[in-house]
Amino acid sequence: MNTIPACPQCGMEHTYPDQDHYICPDCAHEWPMQAETQAEDSPIVRDSNGTPLQDGDDVLLIKDLKVKGSSTNLKKGTKVRGIRIIEGDHDIACRINGTPYELKSEFLKKA
């Protein structure tokens, strides 16, 4: 089973690893292995302090947030339990008091 990816530039499958890069001998294209593995995994989401977040983490709101389309405000210091990482502009899905919300990680800190 071949785990070395094909060249992203020319599509040939004659690539080989060299230290921390892949090299294509057909077109001489080089690309880092780490970028390949990061693309396969979910994106790294960080809180306001730069701490990586994972599914199931508990976080705190660092400022009051107005909920768009509603008169509801989420208060600073509210603890959110069991977050989920999602793709998009709002990268955290959660429930606060039974209501589903999508939040930006820049307004959260890991509890």
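Two strands count as paired if DSSP finds at least two bridges between them. With that in hand, look at strands 10, 11 and 12: these three strands form an open sheet in the order 10-11-12, with antiparallel pairing. Strand 10 and strand 12 stand at the edges with a single partner strand each, so each has one side left without a neighbour in the sheet. Keep in mind that you're looking at a predicted model.

**The chain as a whole**

- The protein chain has one helix and 13 strands.
- Going along the sequence, you meet the elements in the pattern β-β-β-α-β-β-β-β-β-β-β-β-β-β.
- How does the chain's radius of gyration sit against the globule rule? The radius is 20 Å, well over the 13 Å that the rule gives for 111 residues, so the chain is more spread out than a compact globule.
- Taken along the principal axes, the box that the C-alpha atoms fill is roughly 60 × 25 × 25 Å.
- Of the 111 residues, 25% count as buried.
- The chain's accessible surface comes to about 7800 Å², and 45% of that belongs to carbon and sulfur atoms.
- Take the contacts between residues at least 6 apart in sequence: 35% of them join residues at least 24 apart.

**The annotated start of the chain**

- An unreviewed UniProt entry carries the annotation "domain: Protein YjdM N-terminal" for residues 3-32.
- That span is 0% helix and 30% strand, and its end C-alpha atoms lie 15 Å apart.
- Gln-19 sits in the loop between strand 1 (16-18) and strand 2 (21-23). Its phi is near 55 degrees, which is a positive value in a residue other than glycine.
- Is Gln-19 buried or exposed? Its relative accessibility is 76%, and the cut-off for exposed is over 50%, so Gln-19 counts as exposed.
- Ala-28 is another non-glycine residue with a positive phi, this one near 65 degrees. You'll find Ala-28 in the loop between strand 2 and strand 3 (30-32), and it is exposed, with a relative accessible area of 60%.

**The hairpin of strands 11 and 12**

- Strand 11 (residues 92-96) pairs with strand 12 (residues 99-103) in the antiparallel sense, over five bridges.
- Which residues face each other here? Cys-94 of this hairpin stands opposite Tyr-101 in strand 12.
- Arg-95 has Pro-100 in strand 12 as its bridge partner.
- A handy rule for reading such pairs: in a regular strand the side chains alternate between the two faces of the sheet.
- Two residues lie between the two strands, and in this hairpin Asn-97 takes a positive phi near 55 degrees.

**Salt bridges**

- How many salt bridges does a search of the whole structure find? There are two.
- The general idea is simple: side chains of opposite charge can pair when their charged atoms come close.
- One salt bridge joins the side chains of Lys-110 and Asp-57, at 3.5 Å from N to O. This pair links distant parts of the chain, 53 residues apart: Lys-110 is in strand 13 (residues 108-110), while Asp-57 is in the loop between strand 5 (52-53) and strand 6 (59-61).
- Lys-110 is partly exposed, with a relative accessible area of 37%, whereas Asp-57 is buried, at 13%.
- The other salt bridge brings together the side chains of Lys-104 and Asp-89, also at 3.5 Å from N to O. Lys-104 is in the loop between strand 12 and strand 13, and Asp-89 is in the loop between strand 10 (84-85) and strand 11, 15 residues apart.
- Lys-104 counts as partly exposed at 24% relative accessibility, and Asp-89 is exposed, with a relative accessible area of 57%.

**A buried serine in a loop**

- Ser-105 is found in the loop between strand 12 and strand 13.
- Why does Ser-105 count as buried? Its relative accessible area is 8%, and buried means under 20%, so Ser-105 falls in that class.
- Leaving aside neighbours within four places in sequence, Ser-105 is in contact with Val-45, Arg-46, Asp-47, Ser-48, Leu-53, Asp-91 and Ile-92.

Key. Residues numbered from 1 in each chain as written. Predicted model: local features only at pLDDT ≥ 70, side-chain atom pairs only at ≥ 80, totals over all residues. Heavy atoms only, no water. UniProt positions renumbered as here; feature names shortened; annotations may be inferred. Helix = DSSP H or I, 4+ residues; strand = E, 2+ residues; numbered from the N terminus. Salt bridge = Lys/Arg side-chain N within 4 Å of Asp/Glu carboxyl O. Buried < 20%, exposed > 50% of the residue type's maximum accessible area, 1.4 Å probe, protein only. Contact = heavy atoms within 4.5 Å. Rg over C-alpha atoms; globule rule 2.2 N^0.38 Å. Areas by Shrake-Rupley, 256 points an atom, 1.4 Å probe, with all protein chains shown as cover.
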